[in-house]
Amino acid sequence: MGGDTYERELVNTFDQLNLPAMRAPSSGAATTRELPDVIVFKPYTVRDISETIAKLLPSIANKSAPTTIAQHIGPLTKAYGIEIKSGESTTLYVKEKEVNDLERFCELAGVEPRIGARYTKRGQPVNHYLVPPENARKTEDGNYGLPVKDIETRATEIITPETTTKDPKLNTEL
């Protein structure tokens, strides 16, 4: 199976988790544009922004608050740009240029960069691991490595796709 299979699998899993996501089919070799494979959005909950709202309450009472709370706290979603790598190897590698392109796109778009790892060898976990670039192992030639042996400590988000035996699951809050 090609990498696009796992990109679709991740987008479908996000969809099942009620998280809006899209795959950029023009990523990779199809274009010279710096696009991530997948973009996902997670709306903030009231709990996520309650501290900020509590700080605004005094100024709201004095009518000195911004016209809307959203103007003060910014976007009401968290978003990630994800470059996905999949394979049977015990270490997945991402070229330095791909990570630089991902980081550049994410900075311009105001989203957080993640490298997605999906190990496909029989016996390896079926999870998608989302790793901030700074958590990946840097190789001598400047590329990034994601070893399966310590991927759970490198990943900040772990997504389990739907299988015949279990529902999709987000093991770490996005």
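These legends go with close-up views of helix H4 and the nonpolar cores in a predicted model. Local features need pLDDT of at least 70 and side-chain atom pairs count only at pLDDT 80 or more, while totals for chains, interfaces and linings use all residues. Residues are numbered from 1 along each chain as its sequence is written, and side-chain values use heavy atoms, with hydrogens and water left out.

**View 1. Helix H4 from end to end, residues 96–109.** Helices here are DSSP runs of H or I with at least four residues, strands are runs of E with at least two, and both are numbered from the N terminus. At 1.5 Å times one less than its number of residues, the 14 residues of H4 should span 20 Å, and the end C-alpha atoms are indeed 20 Å apart. Next comes Gly-110, with a positive phi near 75°.

**View 2. The two faces of H4.** Val-99, Asp-101, Leu-102, Phe-105 and Cys-106 are buried (under 20% relative accessible area, 1.4 Å probe, protein chains only). Lys-97, Glu-107 and Leu-108 are exposed (over 50%) and sit on the face turned away from the buried side.

**View 3. What covers H4.** Its buried residues are covered by elements including strands S2 (38–43), S3 (77–87), S4 (91–94), S5 (112–119) and S8 (144–147); contact means heavy atoms within 4.5 Å.

**View 4. The largest nonpolar core.** A core is a set of buried Ala, Val, Leu, Ile, Met, Phe, Trp, Tyr and Cys residues joined through side-chain atoms within 4.5 Å. Of its 22 residues, Ile-115, Ala-117, Tyr-119, Tyr-129, Leu-146 and Ile-151 touch the most other members. H4 gives the most to this core, 4 residues.
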